[in-house]
Amino acid sequence: MSEHHKFRYLIQPGSNFAFVAKFRAWFVLSCVLMAVSVGALFFNKSVRGEYMNWTIDFKGGTEIIYAFRDKTTHALTKVDSGMVRQALAKAGEGDLELSETSWKDDNDKPIEGMIVRTSRFSAIDEAARDKTQADFIAKFGGKAVWSGDRLNVQTKKLITPAEVGPFFAAETYEKTDKNGVKTTVSAGLELKPWVGQEEEQYTHADVGTSEYSEVFSVWGLDRQFGKDIEKAIPTVDAETYQSYGVGAKAGDKLRDDAAKSIVFALFLIMLYLAFRFDIRYAPGAAFATVHDAVMVIGVFALTWQEVSLTSVAGLLTVMGYSTNDTVIVFDRIRENQAKLKDKKIERIVDISLNEMLVRTILTSSTVFATTLIMNIFGTGDVRNFAFAMNVGVIVGTYSSIFLAAPLFMWISRKWYSGPPKKRAAPVTTVAQPEVAAE
């Protein structure tokens, strides 16, 4: 007697779900959800001032991560974000985003730090830049032009850092707050010392013009904010763990390039499917991919999750995953069209989707579980990518079944079912008159 093995089936063999019968309802639901996603963008624009929660990758600015040490023991310590916010606000920095973060050092010790984001790219405010440049020329003569945090100077006489340092430290300018109130604040400029060959290079005049070409650099925002924090909280030292900045123009270009990459991906997907199968399949896959992209963007807008370059990478990955799932479904439909020529297209689509259902669920569940773990235990860009993938796997699996397949079926039924057969006209016979025999 042979041993009988019992298997656990996710879906019992022979199941026959009527997908085609519900296509219209699912299509209407998808259109409604897409409209909600687009509406969320305009709602954010009217309420929050931006369509999405752009990071500095797209809107420009600087992100600084600080760790804090106790001045007495030099041990790592945690600082309240409210105290840091108050310290920077007291120094005249109002347009800031603060959030607590944690990571582990090389010895696997936890570090409690702070992320400070600002729309500023340079340590020098634009008003301070112009005033400092004019004051420098008035005091020392020559020509002076700012390039980022560096003041490029051309002069007939040598100017030393010992003279420029106190000048930078004493510089002030007028700052206007949101209420239109003007206050005089320090420019916060701290001169960097010349290092290496800089001193030899800057202290020798050009042989032809007898002019000195000097560069005076100031410390960046990380040092400036760190000093402001240490001044307001004298018990800690602020250490810069990481500093990352993107200019406003570079941010705009990155945002435009991200949008272009999505459009190009859609075009190439349609082109691939047109050659891989035929033109009937391309619109369904393209619409499903657009649906997935809009839904992921909509969830980011509704939840106000940060949108960075990593989010765009996640979105493009979702589009590729969705297309792969759609191609597998289409491939089974094409195989069944060749085998089941006696059946209608609706029945062929139903059979194909039922055959691929278990495979689709298992594959999607595996990817979703992996990215969910990344979303729960990951931080920063890892979590950002995983969040996009979590949403994308759900909508991508849905769109492959309930959007791509029905649109293909509709196109096939409307334009590829062949011309209607015409009934043959009845043959009428006309009686011929009899001819008398001669």
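**Exercise 1.** Leaving aside its neighbours within four places in sequence, which residues is Q224 in contact with? Place Q224 in its helix and decide whether Q224 is buried or exposed.

*Solution.* The model is a predicted one.

Step 1. Apart from neighbours within four places in sequence, Q224 is in contact with E93, R120, A123 and G188.

Step 2. Q224 belongs to helix α7, which covers residues 221-232.

Step 3. The relative accessibility of Q224 is 10%. Buried means under 20%, so Q224 counts as buried.

Step 4. Q224 shares this state with other residues of α7: the buried ones are L221, Q224, F225, G226, D228, I229 and E230.

**Exercise 2.** What span should the 12 residues of α7 have, and what is the distance between its end C-alpha atoms?

*Solution.* Step 1. The expected span is 1.5 Å times one less than the number of residues. For the 12 residues of α7 this gives 16 Å.

Step 2. In the model the end C-alpha atoms of α7 are 16 Å apart, which agrees with the expected value.

Step 3. One residue of this helix also takes part in a charge-over-ring arrangement: R223 lies over the face of W219, 4.3 Å from the ring centre.

**Exercise 3.** Where does W304 lie, and which residues is W304 in contact with, leaving aside its neighbours within four places in sequence?

*Solution.* Step 1. W304 is found in the loop that runs between α9 (281-303) and β12 (306-307).

Step 2. W304 has a relative accessible area of 24%, so this residue is partly exposed.

Step 3. Neighbours within four places in sequence aside, the contacts of W304 are N44, R48, E50, Y51, M52 and N53.

Step 4. Take Y51 from that list. W304 and Y51 are 253 residues apart in sequence, while their C-alpha atoms are 9.5 Å apart in space.

Step 5. Take R48 next. R48 lies over the face of W304, at 4.4 Å from the ring centre.

**Exercise 4.** In what order do the strands of the open sheet with 3 strands come, and which are the edge strands?

*Solution.* Step 1. The order is β6-β7-β10, with antiparallel pairing.

Step 2. β6 (143-147) and β10 (212-217) each pair on one side only, and these are the edge strands.

Step 3. From one strand to the next, the twist averages 20°.

Step 4. β6 pairs with β7 (residues 150-155) in the antiparallel sense over 5 bridges. In one bridge between them, K143 has Q154 of β7 as its partner.

Step 5. Helix α4 (residues 126-140) lies across β6, β7 and β10, and runs at about 155° to β6.

**Exercise 5.** The model has 20 aromatic pairs. What is the geometry of the pair F136 and F216, and what is that of F300 and F387?

*Solution.* Step 1. A pair of aromatic rings is described by the distance of the centres and the angle of the planes.

Step 2. F136 and F216 are 6.3 Å apart centre to centre with 50° between the planes, and the pair is tilted. F136 lies in helix α4 and F216 in strand β10, so this pair ties together parts 80 residues apart in sequence. F136 and F216 are both buried.

Step 3. For F300 and F387 the ring centres are 5.1 Å apart and the planes are at 85°, so the pair is edge-to-face. F300 is in helix α9 and F387 in helix α12 (residues 380-415), 87 residues apart. Both F300 and F387 are buried.

Step 4. F136 and F216 also belong to a cluster linked by ring pairs, together with F140, W146, F167, F168, W194 and Y202.

Terms used. Residues are numbered from 1 along each chain as its sequence is written. This is a predicted model: local features need pLDDT of at least 70, side-chain atom pairs count only at pLDDT 80 or more; totals for chains, interfaces and linings use all residues. Side-chain values use heavy atoms; hydrogens and water are left out. Helices (H or I, at least four residues) and strands (E, at least two) are DSSP runs, numbered from the N terminus. Buried means under 20% relative accessible area, exposed over 50%, partly exposed in between (1.4 Å probe, protein chains only). Contact means heavy atoms within 4.5 Å. Two strands pair if DSSP finds at least two bridges between them. Axes are lines fitted to C-alpha atoms, for helices over the stretch in contact, and angles run from 0 to 180 degrees between N-to-C directions. Rings of Phe, Tyr and Trp (its six-membered ring) pair if their centres lie within 6.5 Å; planes under 30 degrees apart count as stacked, over 60 as edge-to-face and the rest as tilted. A charge sits over a ring if NZ of Lys or CZ of Arg is within 6 Å of the ring centre and within 35 degrees of the ring normal.
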